[in-house]
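Good morning, colleagues. Please turn to the sequence and the structure that I am about to show.

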Amino acid sequence: MTVVVIQPSAGNAASRRRWADTLGQEVLFTSSEREDRLSEDQRAALLRLHPSGRARFWGARSFQDSKMARVHLGDVVLFTGQKKVCGIGEVGVLFNNAAFADTLWAPGGDGSWSNVYSLLSFQPTEIPYGEIWALPGFNEGDNFMGLRILDDDKSEAVLQGLGITPSVSLQRDLVREDEVAQAIAQGTQVVDLENVHTPQTSYQTAGRLVLVHRAEALLVSEYVDSLGCEPGRLRTPVGITDIHVTGPDGTEIIEAKSGSGHRYVRDALGQLLDYVAHSPEPADRLSGLFPEKPAEVSVALLHRYGVDCVYRQGPGAFERLPAPPAAREHMAKVWTAG
């Protein structure tokens, strides 16, 4: 399970200076002043993941040792400040070394930033806190003060809700796909995924980037603004819905996609049918939300399963193509079948 770390890092001038020094740019860790302060194991681990000798870094103070002990390679960090997520990264090499940390950031009254970690990938973002507050398990007005390690449920909510796909997860998928292909081609048994232990060296790929899918979030935000009400998001055992609306016309589950091609429509349909089957409360309507009108064949696919098609016509303007009532009534029996 990928852990999500909330790391305040841009809330004041001192934090922003540290950001500029070690997040805004890569740091040469093989310079004499820094390399001499690394143990052999630390140096080797850094070079294994950052063979160029350069990496972005962040750190935590010694009183946060117990929290940082829960963080590992590939975990996702939300760098926060000024009421937004300013950047998202993945943990690379994590180690405790005050002497090395002091070459990156001057120690303050609370000591050195001795829990040092490199960033395997990093992407600047502009995500307002409101998008996290809207997720199940979070509270409006939470300004995320202090280092926070989220539990499994909240971590999963953030990854799904903000559309974050870690590069480590993508790399694992590629490695897994190659292993399955080789096993099938060679006529051997496919090993259970839980038994696969991928070495760290497999993550030595160029141009690593944590993917943050913003198009869907912006589409959802614009559509919600057009509703004139306050919908929520529903947690199900198989994931979190994009929009969950309860009103005079009943309960609706909406899944948004960043594209309107057939594969996006098919993905939306699959997720909606999965969500409604596991929803803790029955739904009266399912809808796919798209940035433009899908092709007729795609709309017909949704309608066949009683699902409405909603698409963006222009800024703040959306059109609904409702499924035939007979199809919705027929499929509603399937949705609610327990």
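I shall speak about the chain as a whole, then a sheet, two hairpins, a helix and a pocket.

What we have before us is a predicted model. The mean pLDDT of the protein chain is 86, and 88% of its residues reach 70 or more. For residues 193-207, however, the pLDDT falls below 50, although this stretch has 21 contacts in the model beyond near neighbours in sequence.

As for the overall picture, the protein chain contains 12 helices and 16 strands. It has 338 residues, of which 47% count as buried. If we take the contacts between residues at least 6 apart in sequence, 66% of them join residues at least 24 apart.

Let us turn to the sheet. Seven strands form an open sheet with mixed pairing, in the order β2-β3-β6-β5-β4-β1-β7. Strands β2, residues 27-28, and β7 stand at the edges; each has a single partner strand, so one side of each is left without a neighbour in the sheet.

Within that order I would draw attention to strand β4, residues 76-81. How many of the residues of β4 are buried? The count is 6 of 6, so to speak of β4 as mostly covered is fair under the cut-off of 20% relative accessible area. In a regular strand, side chains alternate between the two faces of the sheet. In β4, Val 76, Leu 78 and Thr 80 point one way, while Val 77, Phe 79 and Gly 81 point the other way, and all are buried.

Which strands pair with β4? Strand β1, residues 4-8, runs parallel to β4 and is joined to it by 5 bridges. Along this pairing, Ile 6 stands opposite Leu 78, and Pro 8 has Thr 80 as its bridge partner. Strand β5, residues 84-96, pairs with β4 in the antiparallel sense, over 6 bridges. There, Val 76 stands opposite Glu 90 in β5.

β4 and β5 also make a hairpin, with 2 residues between the strands. Gln 82 lies in the loop between β4 and β5, and its phi is positive, about 55°, although it is not a glycine. Most residues other than glycine have a negative phi. A further case is Phe 144, where phi is likewise a positive value, near 55°, in a residue other than glycine. Phe 144 is found in the loop between α6 and β7. Is Phe 144 buried or exposed? Phe 144 is buried, because its relative accessible area is 1% and the cut-off for buried is under 20%.

I move on to residues later in the chain. Helix α11 covers residues 296-304, and its buried residues are Ser 298, Val 299, Leu 301, Leu 302 and His 303. Against which elements do they pack? The buried residues of α11 pack against α10, β14, β15, β16 and α12. After α11 comes Gly 306, with a positive phi near 75°.

Two of those packing partners, β15 and β16, form a hairpin of their own, with 2 residues between them. Strand β15, residues 307-314, runs antiparallel to strand β16, residues 317-321, and 5 bridges join them. One pair of bridge partners is Arg 312 and Phe 318, the latter in β16. In the turn, Gly 316 has a positive phi of about 75°.

Finally, the largest pocket. It holds about 1000 Å³ of space. Of the 40 residues that line it, the closest to its centre are Gln 160, Gly 161, Leu 162, Arg 233 and Asp 242. Several elements give two or more residues to this lining, namely α6, α7, β8, α8, α9, β11 and α10. Which of them gives the largest share? That is α9, with 6 residues. By class, the lining has 16 nonpolar, 13 polar and 11 charged residues.

Two elements in this account have now appeared in more than one setting. Helix α10 contributes to the pocket lining, and the buried residues of α11 also pack against α10. The loop that holds Phe 144 runs from α6 to β7; α6 gives residues to the pocket lining, and β7 stands at an edge of the open sheet.

Thank you for your attention.

Definitions and conventions. Residues are numbered from 1 along each chain as its sequence is written. This is a predicted model: local features need pLDDT of at least 70, side-chain atom pairs count only at pLDDT 80 or more; totals for chains, interfaces and linings use all residues. Side-chain values use heavy atoms; hydrogens and water are left out. pLDDT is the predictor's confidence in each residue, from 0 to 100. Contact means heavy atoms within 4.5 Å. Buried means under 20% relative accessible area, exposed over 50%, partly exposed in between (1.4 Å probe, protein chains only). Helices (H or I, at least four residues) and strands (E, at least two) are DSSP runs, numbered from the N terminus. Two strands pair if DSSP finds at least two bridges between them. On a 1 Å grid over the protein atoms alone, a cavity is a set of points where a 1.4 Å probe fits but cannot get out, and a pocket is an open set with protein on both sides within 12 Å along at least five of seven lines; lining residues have an atom within 4 Å of a point. Grid points are joined across faces, edges and corners, and a volume is the space filled by probe spheres set on the points. Ala, Val, Leu, Ile, Met, Phe, Trp, Tyr, Cys and Pro count as nonpolar, Asp, Glu, Lys and Arg as charged, and the others, Gly among them, as polar.
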